[in-house]
Every structure is written in structure tokens, then in C-alpha cells.
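This briefing concerns the charged side-chain pairs of the structure shown below and one of its helices. Please read it alongside the sequence and the coordinates.

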Amino acid sequence: MPPPQPDQAQWFAEEVQPWEKALRAYLIRSLPSHADVDDLVQVSYVRLLRAKEKGTVRATKPLLFAIARNAVRDFLRCKTEATLVPLTETVALPVLEDRCGLVEQVCRQQELTLLADAIRSLPERCREVILLRKIKGLSQREIAALLGIAEHTVESLAGKGVRRCADYLRAHGVDSLSTHAQ
């Protein structure tokens, strides 16, 4: 990656660095080893800078934490070593809480807001189909009958709507909202 431009360096200092302490705290809670925190901070910064290069970043903090959460998922998915615990030994195992942390709740809420914006940006008929199919859970046949259009038109509009929403989310730095929105 080329060295940051002066305005990019200023943006980074003003918009990103103030969140480093909170980012590190989030990563420490999310990772099994503190040794990986520095690497994932850097990965998050690189991904954020790439998103900035592609276009304007509307909200730095939520995007940074969404990127960090995705980086943690990628890291944990790629990690190949497994810890084996013999069943014959009684070892106190750490238990994860079922509820998510405040940062993750805020990030999810902001991602859902972006998803709502993405749906609102769709053409009217496409938006109707997406809402009826994905939110109301109606079948293609039911939607076709309700809207008075052919089933293959419903299928086409649904596919177009999902692609446009995914493009909208990617453009705003959210790569894997679908993993928890399905």
C-alpha cells in the first residue's frame, strides 16, 4: 500500500486513531490470544484505508468496528490449530456469554440501519418484492398473485434487489452482514 497522502494522514489521525483503544479492547475480548491483537488492528486499518480509497466513508467508527469484526471472523475461520482437551481430565473450561458486547450490538444496529437504507434505495417494485419475500416470508407464487406479475418476474426482481443491496452494503464497508441477518 502506498504511503498515506497528507489529507489521508490527517483523516486517519482525526477519525480513526481516537478509536484505537476501544478497537484493541474489542479485539482482546474477541480473540483467544492477545498476541494476535496487533496484527488484527493493522488488518482493520488496511481494510478501512482501502474502503476510504474506493469512496467516501460516511461513518468511520461503525465501519472500523464492522471491519474488525469481519477480520476476527476471517482470522478464526483460517486458524487451523485446535485445542484438544482430554475428556478424562476435569479442567475448568471458560464459558462464553450468550449475549454480545456493547460494541457488537452497536455495530449490528448500524449495519441494520445501512441495510434499511439499501432497501429504501431500491426501485419501488423491486423494494416491494424484497420486503414481501425476505421480510414477510411470502413465496414467489404468493407475491406474483398479490402484485399481479409473473413468478419469473418476482424471481428476477428478488435477485436484482439482493444484488443491489449487497453492492450498497459493500460500498459502505459491510462485507458479511448476511452471516447474521439470515
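The structure, a predicted model, holds eight salt bridges. Side chains of opposite charge can pair when their charged atoms come close. Three of the salt bridges are described below, followed by the geometry and burial of helix H4.

**Pair within helix H2**

- Glu20 and Arg24 form a salt bridge, with 3.0 Å between the closest N and O atoms.
- Both residues belong to helix H2, which covers residues 20–30; Glu20 and Arg24 are four residues apart, about one turn of the helix.
- Glu20 has a relative accessibility of 24% and therefore counts as partly exposed, because that class lies between the 20% limit for buried and the 50% limit for exposed.
- Arg24, at 25% relative accessibility, likewise counts as partly exposed.

**Pair linking helix H5 to a loop**

- Asp117 forms a salt bridge with Arg58, and the closest N and O atoms are 3.6 Å apart.
- Asp117 lies in helix H5 (residues 102–120), whereas Arg58 lies in the loop between helix H3 (37–54) and H4, so the pair ties together parts that are 59 residues apart in sequence.
- Asp117 counts as buried because its relative accessibility is 18%, which is under the 20% cut-off.
- Arg58 counts as exposed, since its relative accessibility is 55% and the cut-off for that class is over 50%.

**Pair within helix H6**

- A salt bridge joins the side chains of Glu128 and Arg125, at an N to O distance of 3.6 Å.
- Glu128 and Arg125 both lie in helix H6 (residues 124–135), with a separation of three residues, about one turn of the helix.
- Glu128 is partly exposed, given its relative accessible area of 29%.
- Arg125 also counts as partly exposed, at 36% relative accessibility.

**Shared partners**

- Glu20, Arg24 and Asp38 are joined into one network by salt bridges that share partners.

**Helix H4: span and burial**

- Helix H4 runs over residues 60–78 and has 19 residues; at 1.5 Å a residue it should span 27 Å.
- The end C-alpha atoms of helix H4 are 27 Å apart, which agrees with the expected span.
- The buried residues of H4 include Thr60, Pro62, Leu63, Leu64, Phe65 and Ala66.
- Ile67, Ala68, Arg69, Asn70, Ala71 and Val72 of H4 are buried as well.

Notes:
Residues numbered from 1 in each chain as written. Predicted model: local features only at pLDDT ≥ 70, side-chain atom pairs only at ≥ 80, totals over all residues. Heavy atoms only, no water. Helix = DSSP H or I, 4+ residues; strand = E, 2+ residues; numbered from the N terminus. Expected span 1.5 Å × (residues − 1). Buried < 20%, exposed > 50% of the residue type's maximum accessible area, 1.4 Å probe, protein only. Salt bridge = Lys/Arg side-chain N within 4 Å of Asp/Glu carboxyl O.
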